[in-house]
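This report describes a single protein model together with its ligand. The sequence and the structure are shown first, and the description follows.

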Amino acid sequence: MVSDQSPGGRGSGPMSRRDLLTLIGTVAGSAVMYEAMSSMALAGESGYTGPIKLTGDPKGASVLILGAGMAGMCAAYELRKAGYKVQILEYNDRAGGRNWSLYGGDTYTELGGAVQKVGFDKGLYLNPGPWRLPHHHYAVLHYCKLLGVALEPFVQVNYAALLQSDKAFGGKPKPYREVQADFNGYVAELLAKCTQQGKLDEAVTKEDREVLMGAMREWGALDKNYEYKKGLLTSDRRGYVSDPGGGLTSVPTPSEPIAMTELLQSGLWAAIAAGHGYEFQNMIFQPKGGMGMIGKAFGKELDGVITYDAKVIDIHQTDNGVTATYVNSKTGGPPKTASADWCVCTIPASVLSQIPMNVGNPMQNAIDALYYDASIKVGLQFKRRFWEQDNAIYGGISFTDQPNSMIGYPSTDYFSDGKGVLLGAYTFGPNAFLYAAMSPEERVAKTVEYGAKLHPQYKEEFDNGVAVAWHRVPWTLGCAGHWTEELRAQHYDDLCAIDGRIVLAGEHASRIPAWQEGALLSSLDAIRRLHQRVMTA
Ligand SMILES: Cc1cc2nc3c(=O)[nH]c(=O)nc-3n(C[C@H](O)[C@H](O)[C@H](O)COP(=O)(O)OP(=O)(O)OC[C@H]3O[C@@H](n4cnc5c(N)ncnc54)[C@H](O)[C@@H]3O)c2cc1C
């Protein structure tokens, strides 16, 4: 890769636009280390067009909603407003579904029976599921405002955060700032050299060449010879050995850039692209006090509508209505039923595929075909906020190629004394399966071991932790629906179409999977179509 880009390394002919794009793509595109995380960023812009208006009198029609996650509660809220009688059956003893925060004193039982009692101090929490809200997820932001959920900034990219690989620099982490500055600097230098040598003549006009050279100097912090070299210019990007100061100790000591080949071979540059994804661009928000605040506020708004601890075990429709049979999810007990004219079912497809429901083959096949991604999050409480006190890391994310994949620092309560909770692991795919196979205690212990390579303070300061492996969460059995292009082409429309008196909603019935925005948009679309059906029935 390096020799191809170095002067003369590509042979003598001028570089075409295609070559140029290939070169940039090769460097920036093979982010295997962070593949899973960036796969969460493939979504398009929210299709939210403002508050829904369901006009016309439904004349007392009733709707049974299954699941009190974002999709279910949005449906209940809007349908009730439009004049429907609504009722929700919910497996858990709380509202929110995947919109969930774990606080000290909470107890969580996973599939297989392992129980975790959260030992965090007051005010500290882990968001096992969603943790960030992009500024263009208009529907979520609308409901936060409507429900009075206070938001604060979420820090995604932090130049002081760390990048670590067991395969590079003896396993010692590098600050994001250094990797980002050096990578940009070398790419700029190479591009400037190619331009100077006439290798881009086919791709770039003569006038644009001048502009490109100037832009590369500016963007990459190149010197007058278009070189990226140790000096005050580059240290102003990557940091100094000693910063400029005052009085007689004011002379700064510039830092040495990482050698280009070492930098490229390290793979650490992949983290730069991770922060560029559409969903990860500023501004990003988080609810004050934990993501679960949205679910809580929604649940309060729907007081009396939701039956908690209700595990649906059968869904049956006739020409006249829908009946769900449910049992107490904690104690079992005799089955009960709830009936309505229509049903909005937001139970994740992974669970729904195991519940008898008399819908047509197209919808059933779609439910059965959808695969759910694996994911794991581990929250660690430490005796002090050493990442702030010792490393000046305030929010943001450090990345590693160890199985925990990343460390997320809290974007709140900066400079506070006492304990702090950080996200010690957030990973997908094979690493998530690896984690899920361990006991919760082992997951936490492993996460402390991995994290100590970035922060040696871990071992001394660790207090307690909690680990949520999404394939072992009994009410989702996975993180989120995983649509491939082929699956979508084959099943998506059938999954979303109304079948008799039943319509499905949830993130899995959207084109923004694994985001709350998708759950809400799917819900709004489903109830809009259902309302039309009712009005014309
Ligand atoms: C690890 C992770 C990270 C994420 N990160 C983000 C993020 O940063 N930002 C973001 O916006 N989104 C994120 N998401 C996605 C987001 O959480 C979901 O898209 C959204 O919360 C799904 O809402 P829903 O209503 O479709 O489903 P759910 O929230 O799953 O609601 C379904 C409900 O059905 C209930 N249920 C299940 N089975 C039964 C049954 N048999 N009987 C009765 N009820 C039942 C469940 O208890 C649940 O309450 C993340 C998700 C995960 C797991």
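In this predicted model, the shell around the ligand draws at least three residues from each of two domains, namely domain 2 (62-90 + 308-371 + 483-536) and domain 3 (106-157 + 282-292 + 374-472). The shell comprises 41 residues, and the closest to the ligand are Gly67, Gly69, Gly97, Pro130 and Gly506. Two or more residues each are given to this shell by α4, β13 (310-317), β18 (375-382) and α19, and of the elements it is α19 that gives the most, with four residues. Sorted by class, the residues of the shell are 21 nonpolar, 13 polar and seven charged.

**The nonpolar core**

The largest nonpolar core has 144 residues, and those with the most contacts inside it are Val63, Ala75, Cys343, Val344, Ile376 and Leu520. Helix α6 (residues 176-196) gives the most to this core, its share being eleven residues. The surroundings of Cys343 can be listed in detail: leaving out residues up to four places away in sequence, Cys343 touches Val63, Leu64, Leu66, Ile315, Val322, Arg501 and Ile502. Ile376, also among the core residues with the most contacts, has its C-alpha atom 9.7 Å from that of Leu434, although the two are 58 residues apart along the chain. Leu434 itself belongs to helix α15 (residues 429-436), and it is classed as partly exposed because 16 other C-beta atoms lie within 10 Å.

**Two helices with a buried face**

Which residues of helix α5 are buried? In this helix, which spans residues 138-147, they are Ala139, Val140 and Tyr143. Viewed down the axis of α5, these buried residues fall within an arc of 100°, and they therefore line one face of the helix. Such an arrangement fits the geometry of an α-helix, which has 3.6 residues a turn, so that residues three or four places apart point the same way. The cover over the buried residues of α5 includes α4 (70-81), β7 (133-134), α11 (292-301) and α19 (516-536). After α5 comes Gly148, which has a positive phi, near 70°.

In helix α13 (residues 361-369), the buried residues are Met363, Ala366 and Ile367. They cover an arc of only 100° around the axis, and for this reason they lie on the same side of α13. Among the elements that cover them are α12 (349-352) and α18 (485-496).

**Two aromatic residues and their contacts**

Tyr48 lies in the loop between α3 (35-39) and β1 (62-66), and it counts as partly exposed because it has 18 C-beta neighbours inside 10 Å. With neighbours within four places in sequence set aside, Tyr48 is in contact with Tyr138, Ala139, His142 and Leu521, of which Ala139 is one of the buried residues of α5. The C-alpha atom of Tyr48 is separated by 8.7 Å from that of Glu517, a residue 469 residues apart from it along the chain.

Trp219, by contrast, has its place in a helix, α7 (residues 206-220), and with 14 C-beta neighbours inside 10 Å it counts as partly exposed. Residues up to four places away in sequence not being counted, Trp219 touches Asn184 and Ala188. Its C-alpha atom is separated by 9.8 Å from that of Val187, the two residues being 32 residues apart along the chain.

**Backbone features in loops**

The residues tabulated here are non-glycine residues with a positive phi.

| Residue | Phi | Loop | C-beta atoms within 10 Å |
|---|---|---|---|
| Phe169 | near 55° | between β9 (162-164) and β10 (174-175) | 16 other C-beta atoms, partly exposed |
| Ser405 | about 65° | between β19 (396-400) and β20 (406-409) | 22 other C-beta atoms, buried |

Is Ser405 buried or exposed? With 22 other C-beta atoms within 10 Å, Ser405 is buried, whereas Phe169, with 16 other C-beta atoms within 10 Å, is partly exposed. A further backbone feature is the peptide bond from Asn282 to Met283, which is cis, with omega near -10°. Met283 is located in the loop between α10 (270-274) and β11 (284-287).

Note on methods
Residues numbered from 1 in each chain as written. Predicted model: local features only at pLDDT ≥ 70, side-chain atom pairs only at ≥ 80, totals over all residues. Buried ≥ 20, exposed ≤ 12 C-beta atoms within 10 Å, placed from the backbone. Arc of directions from axis to C-beta. Contact = placed C-beta atoms within 7 Å. Core = buried A, V, L, I, M, F, W, Y, C linked by C-beta atoms within 7 Å. Near = placed C-beta within 6 Å. Nonpolar A, V, L, I, M, F, W, Y, C, P; charged D, E, K, R; others polar. Domains from an automatic or database assignment.
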